Protein chains: 2
Amino acid sequence: MKLDRLDKKILDTLQADGRIANADLAEKVGLSASACLRRMRALEEVGIIDKYVALLNQKKLGRHMDVFVEISLTGQSKETLENFERAVARSGEIMECFLMAGDADYILRLSARDPIDFERIHRDHLAQLPGVLRMKSSFAIRPIVRRTAIPLED
Amino acid sequence: MKLDRLDKKILDTLQADGRIANADLAEKVGLSASACLRRMRALEEVGIIDKYVALLNQKKLGRHMDVFVEISLTGQSKETLENFERAVARSGEIMECFLMAGDADYILRLSARDPIDFERIHRDHLAQLPGVLRMKSSFAIRPIVRRTAIPLED
DNA sequence: TTTCCTTCGGCACACCAATACGCATCTTCC
DNA sequence: GGAAGATGCGTATTGGTGTGCCGAAGGAAA
């Protein structure tokens, strides 16, 4: 699917305000409400718009710690990786996880309330992950940037 | 602000579907539409709900690379840090950035279309960051988990 | 226990937005 | 030049939003 200027404007607007009323969105991008809605539905249909979510304020919910964990596995077999990944996907505490090239096999980020909470997560979630050889945690002192909007150039 | 069971249900639902109609949200959590709307507005008011956004599909937009970059600065003075952080915040390509305890001073994640695009970002954005002593990039092969929903226990 | 007060949910209504549909317009390709 | 497809506009209808008001539940004080 090819995106024209209007599609990008729609996407940019929705990336900034996912709950904007269609009428307002239409005005902002310079389309009629019906035309705008049709484009928006099309973007949802093909999956370019994945979903709409509310982003909560971590700090106000008492989550003051972000921790990165680099993980090396005991092996690289398909089965070892799949087991590990399934377990990661099941844990609601793990916010991000990537399979990596380079030193570590995986890097993941999780958010905790405080050191005691991190210990809980470490014990109940991280230590339960299968096939882990080595784990190295790095603590974030402060988030500088957290962006969900993908730049659409032009 | 204290959150009861209903607030948490509202937040969980909105974290999964930020564009749900208030009437449907109300039915889902077992409230009348008006009561539900009032709670939702209150959660927005105090900032527990930060904002609503559309999440786009990176892959469908041609962004196939996620890169983590660990950065050490030339110094730790307030000014060095602030200059660096301002520059990071200005760059729309940097998706996340954290001030870290431990080896590196900062860790950041960015998304690129391909190696050529990464080179562009490296040249036009990363290399322009002030006060950088050392940079170490790690490439992600595949995202395993990407979550925006904060767990609200119970 | 009674009274007052506060908090919170439900109800109803007025208004406004979403959505489907028909028609007009523009483009593209034979 | 004409037909087909895509896309925009205006409108009518459906349905959701948001507000004012009432009443119920819970707590505090006499």
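# A tour from a buried ring pair to the two DNA strands

Begin by selecting F84(B), which counts as buried because its relative accessibility is 0%, under the 20% limit. The model open in the viewer is a predicted one.

**The aromatic pairs**

Add Y106(B) to the selection; this residue is buried too, with a relative accessible area of 0%. Across all chains, a search of the whole structure finds six aromatic pairs. F84(B) and Y106(B) form one of them, a tilted pair with 4.5 Å from centre to centre and 35° between the planes. Colouring by secondary structure helps here, since the pair links distant parts of the chain: F84(B) belongs to helix α4 (residues 78-90) of chain B and Y106(B) to strand β4 (residues 106-112) of chain B, 22 residues apart.

Next, select F118(B) and F139(B), which form an edge-to-face aromatic pair with centres 5.2 Å apart and an angle of 75° between the planes. F118(B) lies in helix α5 (residues 115-126) of chain B, whereas F139(B) lies in strand β5 (residues 132-146) of chain B, so the pair ties together parts that are 21 residues apart in sequence. Is each ring buried or partly exposed? F118(B) is buried, at a relative accessible area of 9%, while F139(B), at 31% relative accessibility, counts as partly exposed.

**Charges over rings between the chains**

Now select R19(A) together with Y52(B): the charged end of the arginine sits over the tyrosine ring, 5.3 Å from its centre. Then select R19(B) and Y52(A), where R19(B) lies over the face of the ring, at 5.3 Å from the ring centre.

**The annotated domain**

Select residues 3-64 of chain A, where UniProt, in an unreviewed entry, places the feature "domain: HTH asnC-type". Over this range the chain is 53% helix and 13% strand, and the C-alpha atoms at its ends are 39 Å apart.

**DNA strand C**

Show DNA strand C and the residues around it, among them N22(A), R41(A) and R38(B). A backbone N or O atom of N22(A) lies 2.5 Å from a phosphate oxygen of this strand, and an N or O atom in the side chain of R41(A) is 2.7 Å from a phosphate oxygen. Turning to the bases, look for R38(B), which has a side-chain N or O atom 2.9 Å from a base oxygen of DNA strand C. The elements giving two or more residues to the surface near this strand are α2 (22-29) and α3 (33-45) of chain A, together with α3 (33-45) of chain B. Of these, α3(B) gives the most, with four residues. Of the strand C atoms within 4 Å of the protein, 63% belong to sugar or phosphate and the rest to bases. By class, the surface near the strand has five nonpolar, four polar and three charged residues.

**DNA strand D**

Finally, move to DNA strand D, whose surrounding residues include R39(A), N22(B) and A23(B). An N or O atom in the side chain of R39(A) is 2.5 Å from a phosphate oxygen of this strand. Polar backbone atoms also come into view: that of N22(B) is 2.5 Å from a phosphate oxygen, and that of A23(B) is 2.8 Å from a phosphate oxygen. Here the elements giving two or more residues to the nearby surface are α3 of chain A together with α2 (22-29) and α3 of chain B, and the largest share, four residues, comes from α3(A). Of the strand D atoms within 4 Å of the protein, 57% belong to sugar or phosphate and the rest to bases.

Technical notes: Residues are numbered from 1 along each chain as its sequence is written. Chains are lettered from A and ligands numbered from 1 in the order in which they are written. This is a predicted model: local features need pLDDT of at least 70, side-chain atom pairs count only at pLDDT 80 or more; totals for chains, interfaces and linings use all residues. Side-chain values use heavy atoms; hydrogens and water are left out. A residue is near a molecule or strand if one of its heavy atoms lies within 4 Å of it. A polar contact is a pair of N or O atoms within 3.5 Å; within protein, one must be able to donate a hydrogen and the other to accept it, and residues adjacent in sequence count only if both atoms are side-chain atoms. Ala, Val, Leu, Ile, Met, Phe, Trp, Tyr, Cys and Pro count as nonpolar, Asp, Glu, Lys and Arg as charged, and the others, Gly among them, as polar. Rings of Phe, Tyr and Trp (its six-membered ring) pair if their centres lie within 6.5 Å; planes under 30 degrees apart count as stacked, over 60 as edge-to-face and the rest as tilted. Buried means under 20% relative accessible area, exposed over 50%, partly exposed in between (1.4 Å probe, protein chains only). A charge sits over a ring if NZ of Lys or CZ of Arg is within 6 Å of the ring centre and within 35 degrees of the ring normal. UniProt positions are given in the numbering used here, feature names are shortened, and annotations may be inferred rather than shown by experiment.
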